[in-house]
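Reader: I'd like to go through this model with you before I set anything up. Could you put it on the screen?

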Amino acid sequence: MTEGTGAMRGRWKAIAAVAVSGMLAVSGCGGGDDKDTSGDKSEVEVFSWWTGPGEADGLAAMKADFEKKNPGTKFTNAAIAGGSGTQAQAVLASRLQNRKPPDSFQGHAGAELLDYIKAGQIEPLDSFYQENNLRAAYPAQLLEQITYNGKIYSVPVNIHRSNVLWYNPKIVQEAGLSGPPKSVAEFITALKAVKDKTKKVPLSLGAQWTADHLLESVLLGDLGTDAYNALWKPGADWSGPAVTKALTDFAEIMKYTTVEAASTDWQGAAKAVVDGKAAFNIMGDWAYGYFTGAAPNGLGKKLDEDFKYAASPGTDGTYMWLSDSFTLPKGAPHKGGALAWLKEASSKEGQDLFNPKKGSIPARKDADKSLYKGYLEYAFNEWNKPGVKLAGSFWHGVNANKKWHTDIDTAVGLFLQNKDVGKLQSALSTAAENSGS
Ligand code: GAL
């Protein structure tokens, strides 16, 4: 990425404040030492939730490179299905509690990682960073998101964008729209036009977490970047009229989604767009890996013909980001295997094999740009644009710790039943007050 304009650092700092204020303030834990690389290297069990087309292909590409470089290490893929890790994180929590950690697990940079650190469940990786000269490879601002008490705790493999509107150009045209909506108000008008003028679903949605994901884009689109980022700072007020307006819009938007939504995960919802069944879907750019991956695993669809993309309404110029990173759990049974895996995940080769398939851009600064085509070229350029505004994804671990994340999900789940904006807002206010941030 284009590094280090003061303004950019400032923005990152604002976002980082939530995660890092906690990181600096709380003392203790961590401990461990990754200097001992003599650990068992016969195996490595890698835990993630990448089982679907695109993401699983990215993981497989990195695994193949890993096996080539580490012929004596047996790779076990312990991925558990379920978008955004809904199932995987529950399994992981119980494994960590029972002191049966995998050798490495996927954890989002930011507040989510901080939870693992504070619970003493993962080891610092400073020696590993030093040996592999990694501090220089990552943007300083990203390193801040994985640092606690001066120690560094994970290996970021990518940057994803959360605020993407995927749309079917033919349905949008059939609805008489000149292009994708540019604001939340235009979005609501567009959804109505699709409903009135076509027989298609205006906005596809999947399992409950995809409503949480939609909520972060609507909050960002309505509030703007600064006010959105301010929601995640200690003592933030969620009870004001701007949030009421955003939640009222969210409620209106939800009226144009499918009733059978909950029975499918993000893949089913995203697929409805490229299959010509739904006009719009708001989903992270892992959808791009799924759409464009070669059949039979991927959908083999074509950008501009089968689907198009735009910033989610009202968010153009802001990158709502998240980063998948890998960890070294305390008590990992095959520490040598884990460190070899972290080396792969942190390498330029590994990231350039993984990300084009995954639908993300590399976390490293020295990636081969020519590999990132179509939507990914846009993502690469947006991320690196001088003056890009950054917002952290709350659903994907950047801004909200696990308790806050769960409380928001519970509030959204109740809202899906009672459709009561007032109750949603007061539950979200309470969630913020109780977040401990
Ligand atoms: C996110 C994760 C992505 C992708 C997505 C859908 O939380 O960071 O890598 O897996 O969920 O499952």
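Reader: Thanks, so where is Ser393 found, in a helix, a strand or a loop?
Author: Ser393 is found in the loop that runs between strand 15 (389-392) and helix 17 (402-418), where helices are DSSP runs of H or I with at least four residues, strands are E runs of at least two, and both are numbered from the N terminus. Before we go on, please keep in mind that this is a predicted model, in which local features need pLDDT of at least 70 and side-chain atom pairs count only at pLDDT 80 or more, while totals for chains, interfaces and linings use all residues. Residues are numbered from 1 along each chain as its sequence is written, and side-chain values use heavy atoms, with hydrogens and water left out.

Reader: Is Ser393 buried or exposed?
Author: Ser393 counts as buried, because its relative accessibility is 0%; buried means under 20% relative accessible area, exposed means over 50%, and partly exposed is in between, with a 1.4 Å probe and protein chains only.

Reader: And how far is Ser393 from His213 in space?
Author: From C-alpha to C-alpha the two are 8.5 Å apart, although their positions lie 180 residues apart in sequence.

Reader: Let's switch to the ligand. How many residues surround it, and which are the closest?
Author: The ligand is surrounded by 13 residues, and the closest are Ser84, His108, Asp324, Lys358 and His396, where a residue is taken as near if one of its heavy atoms lies within 4 Å.

Reader: What is the make-up of that shell by class?
Author: The shell has five nonpolar, five polar and three charged residues; Asp, Glu, Lys and Arg count as charged, Ala, Val, Leu, Ile, Met, Phe, Trp, Tyr, Cys and Pro as nonpolar, and the others, Gly among them, as polar.

Reader: Which side chains have an N or O atom next to a ligand oxygen?
Author: Three can be named here, with an oxygen atom of the ligand 2.7 Å from a side-chain N or O atom of His108, 2.6 Å from one of Asp324, and 2.7 Å from one of His396. The protein covers 100% of the 300 Å² of accessible area that the ligand has on its own, as computed by the Shrake-Rupley method with a 1.4 Å probe.

Reader: Stay with His108 for a moment. Where is it found, and which side chain does it contact?
Author: His108 is found in strand 3, which covers residues 104-108, and its side chain makes a polar contact of 2.7 Å with that of Glu112; such a contact is a pair of N or O atoms within 3.5 Å, and within protein one must be able to donate a hydrogen and the other to accept it, with residues adjacent in sequence counting only if both atoms are side-chain atoms. His108 itself counts as buried because its relative accessibility is 2%.

Reader: Glu112 belongs to helix 4, I see. Why is that helix described as largely enclosed?
Author: Helix 4 spans residues 111-118, and six of its eight residues are buried, so it is largely enclosed by the rest of the structure. The buried ones are Ala111, Glu112, Leu113, Leu114, Tyr116 and Ile117. Just after this helix, Gly120 takes a positive phi of about 70°, and Pro124 follows in the loop between helix 4 and helix 5. Pro124 is buried as well, with a relative accessible area of 2%.

Reader: What about unusual backbone angles, which residues other than glycine have a positive phi?
Author: Asn133 is one of them, with phi near 50°, and Asp304 is another, with phi of about 80°. Asn133 lies in the loop between helix 5 (126-131) and helix 6 (140-144), and it counts as exposed because its relative accessibility is 58%. Asp304 belongs to the loop between helix 13 and strand 11.

Reader: Where is the cis peptide bond, and what is its omega?
Author: It joins Ala295 and Pro296, with omega about 10°. Pro296 sits in the loop between helix 13 (286-292) and strand 11 (308-311).

Reader: One last spot, then: what does the side chain of Ser204 lie close to?
Author: A polar atom of that side chain lies 2.7 Å from the backbone oxygen of Ala269. Ser204 is found in the loop between strand 9 (201-203) and helix 9 (208-223), and it is buried, with a relative accessible area of 3%.
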